[in-house]
Amino acid sequence: MSDALTTAGIAMFDDVLMAKKLPSAVLQRFSECLISGEPTPEEDQKVIADTIFEWARGLGAIDFAHWFFPLRGGGGAVGGMLGAFKKDTLIDLEFGSKFVTKPMKACLPHERLFQGETDGSSFPNGGLRVTHSAAAFTTWDRASPPFVTDKCLYIPCAFITHFGKCIDEKTPLLRSMDAVTLSGLRLLKAIGIGTDAKAMCSYLGWEQEFFVIPADLYKARPDLVNCGRTLFGKLPTRHQQGDLNYFQPIPGKVQELLDIAQAEMLKVGCPMAVKHNEVAPGQHEMSPVFRTANVSCDSNVLFMEVMNREAQKLGLQVLFHEKPFAGINGSGKHANWSVGTDTGLNFFYPGKNEAGAKLYVTGIACLAFGLAQYNEMVRCTVASAGNDHRLGAQEAPPAIISLYPGQGFEQFMESIISGGDLLGYKAEKKKQSTGCSAAMHIEANVEDRNRTAPFPFCRNRFEFRAVGSSQNCCFPVMVCNAIMSAGMAHLAGLIEGGMSHRDAVAQVFKENKHVIFTGNGYSAEWPVEASKRGLPNLNTTPKAIATWNSEKNKKLLESLKIYTAEETEARQEVMYENYISSMSCEVETMVQMTETGILPACAKDLEKYKGFEKLAGNRKAVYEGIVEQLEKLKASFAKKPHTSLPDEATYLCDTVKPQMVALRSAVDKAESLLESGLYPYPTYEAMIYSHHF
């Protein structure tokens, strides 16, 4: 029998396959180069390229592509979050031939496997590339295996300029993984735990939420096509208020899509483990088992690509925007992140012995330091126009970044600060009776789950819950790695300076415990309390971006060799540009939809009430109110400043966005009055329900 499980992993050239197909000496040198960073020897490159070519051809590959992640941001419009590539045919000329017209041969030249070149100026780059100085290069991320999908050999790549500046999502992530190794090994040596480790790893398991709607209805909504979210629309009378959708049976057509996507992802080595209905109608989730961070980030981008590709074949459309529909839950991409050694130690697992228990306490101290000292940097990683609609909206964590290690651990931390030992935290699962004989007791987790926290502890990892659904995971995970590296280096420095392991951990907790919060992050009291603690509440994207290039942030990223000061500045510029373009596109789409669709529909509806004014009710006033709000929006948008990117972004957020809300309110009120059939766009009810039956 052949099914998704029997074909799992067949289309990924992973370590197991490399060990089977490559000469042992070549494999050994390749592995050593991954740790040292040295180039793969040219003779080995040839062997590896020939081996991968034969394997890929056996799977039906005709093309190959260097696949990389430009700084396109998380705007949410379909396609914006996907990777970039151009397909090259697995073919070249026989240059050694004596004939003038060289014959062709099917092959994968080794130099084209390991490196490629393209135009860097046509991608967002923050001024690091211009048209007259445009060269940029792709280079294989050797720690992420190539894979075959859709008859193409994908080669995951980093993307840098002619001068070695990164203009992508992947390169800083890889640099941060190196930083974790350097700081982590230094800390392990200082505390005398896990000193046999040769490398550190960061891990990621993502939980991808999304909506699925009929493709024909998607195409009939200019806002979804251009912006990824609906700019107008009222909820149906039944939406999510009855809690009817969460974990309900998946609608048949959507189930077919998810099954296909699962099978495709399993083929390329991504262990898709979960699929289910989410809280909002039309909303779903899929997630895999965790992998090393770079491989997992690659898998997430590929998943979005596969979902879009396969949905089209079924007459469906997948929406990855953080808030495609107002009034019901938006979508996130919870990033389950951890760090550990190549020998199996996990900094975020309470441990089964004294060494593991001490490492766990030490790891949380390092994370608390990073989140407290570089709070704004973490907030920046989830800042986008789309995510602004979601954060703090009773469906996602607030924009205040805090750490939830559990109430029991918080008490233990206070005991350490007061002079207590690093040992003594009771990381025990608690048995809870079901109260009936047929169902046996359950083992509750070490700590309860807090869904209101941006960074809650989850058994053996921390879950960064604020990540937006349309984002590339590389950016938030890179900063998680960076702040953890900062914490590990700081703690190691205290111990190297003569402080005991216990005293160093106690000091770090004492100085950074203000970032630890175990209460209700949705409560009205928390922002007040957070302010007293000195935690920033950067509740809009422009506020967050403004903090990105602080001297403190630049110094850290430069010291960890993740970003140069110039690259940090460029990243900020790209973030501003992404926000401005997303907001401007929404305004222009909103105006167009109102003028060409909404107002003509209102006029037709009003015409039907001539001679029946009493039946018309307040329609005339409501419809004229749309015109009033539309003119206000056009006027405010026309006054948008062009003095600087921060000024433009702030104006769009603080002045234009409220007027967009006012226009939407007027239009949505009119939708409730329009004769059925006159509303010019597919309704919420049709989009989120019609494909369910």
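Leaving aside its neighbours within four places in sequence, which residues is L258 in contact with? In this predicted model, L258 is in contact with F210, I250, K275, M286 and M307. That is one small corner of a chain with 22 helices and 19 strands. Let's start with the whole chain and then visit some of its residues one by one.

**The chain as a whole**

- The radius of gyration is 27 Å, close to the 26 Å that the globule rule gives for 693 residues, so the chain is as compact as a globular protein of that length.
- If you follow the C-alpha trace along its principal axes, it spans about 90 × 85 × 65 Å.
- Of the 693 residues in the chain, 57% are buried.
- Take the contacts in the chain with a separation of 6 or more: 74% of them are between residues 24 or more positions apart.
- The chain has an accessible surface of about 28,600 Å², and carbon and sulfur atoms account for 53% of that area.
- Among the side chains, 71 are positive and 78 are negative. The centres of these two sets lie 2 Å apart.

**Salt bridges**

- The model has 34 salt bridges in its count, and a few of them are worth a visit.
- One of them joins E94 and K105, whose closest N and O atoms are 4.0 Å apart. This pair links distant parts of the chain, with E94 in the loop between β3 (91-93) and β4 (104-106) and K105 in strand β4, 11 residues apart.
- Both ends of that bridge are partly exposed: E94 has 32% relative accessibility, and K105 has a relative accessible area of 33%.
- Another salt bridge brings together the side chains of D141 and K170, at 2.9 Å from N to O. Because D141 lies in the loop between β6 (135-140) and β7 (147-149) while K170 belongs to helix α5 (residues 170-191), the pair ties together parts that are 29 residues apart in sequence.
- D141 and K170 are both buried.
- D223 and R221 form a salt bridge too, with their closest N and O atoms 2.6 Å apart. D223 counts as buried because its relative accessible area is 0%, under the 20% cut-off. R221 is also buried, at 0% relative accessibility.
- Salt bridges can also share partners, and in this way E305, R309, E310 and K313 are joined into one network.

**Two residues with positive phi**

- R459 is not a glycine, yet its phi is positive, near 70°. You can find R459 in the loop between β18 (455-456) and β19 (462-464).
- Is R459 buried or partly exposed? With a relative accessible area of 48%, R459 is partly exposed.
- K561 is another residue other than glycine with a positive phi, here near 60°. The place to look for K561 is the loop between α17 (551-559) and α18 (565-607).
- K561 counts as exposed because its relative accessible area is 69%, over the 50% cut-off.

**Back to L258**

- Where does L258 lie? Its place is in helix α8 (residues 252-267).
- L258 counts as buried, with a relative accessibility of 0%.
- M286 is one of the residues that L258 is in contact with. Along the sequence, L258 and M286 are 28 residues apart, while in space their C-alpha atoms are 8.1 Å apart.

**A stop at C107**

- C107 sits in the loop between β4 and α4 (110-114).
- At 12% relative accessibility, C107 counts as buried, because the cut-off for buried is under 20%.
- Which residues does C107 touch, not counting those up to four places away in sequence? They are F53, L90, I91 and D92.
- C107 can also be paired with R57, which is 50 residues away in sequence. In space, C107 and R57 are 9.4 Å apart, C-alpha to C-alpha.

How values were computed
Residues are numbered from 1 along each chain as its sequence is written. This is a predicted model: local features need pLDDT of at least 70, side-chain atom pairs count only at pLDDT 80 or more; totals for chains, interfaces and linings use all residues. Side-chain values use heavy atoms; hydrogens and water are left out. Helices (H or I, at least four residues) and strands (E, at least two) are DSSP runs, numbered from the N terminus. Buried means under 20% relative accessible area, exposed over 50%, partly exposed in between (1.4 Å probe, protein chains only). The radius of gyration is taken over C-alpha atoms; the globule rule is 2.2 Å times the number of residues to the power 0.38. Contact means heavy atoms within 4.5 Å. Accessible areas come from the Shrake-Rupley method with a 1.4 Å probe; for residues, only the protein chains shown count as cover. Lys and Arg count as positive and Asp and Glu as negative; His and the chain ends are not counted. The place of a charge is taken as NZ of Lys, CZ of Arg, CG of Asp or CD of Glu.
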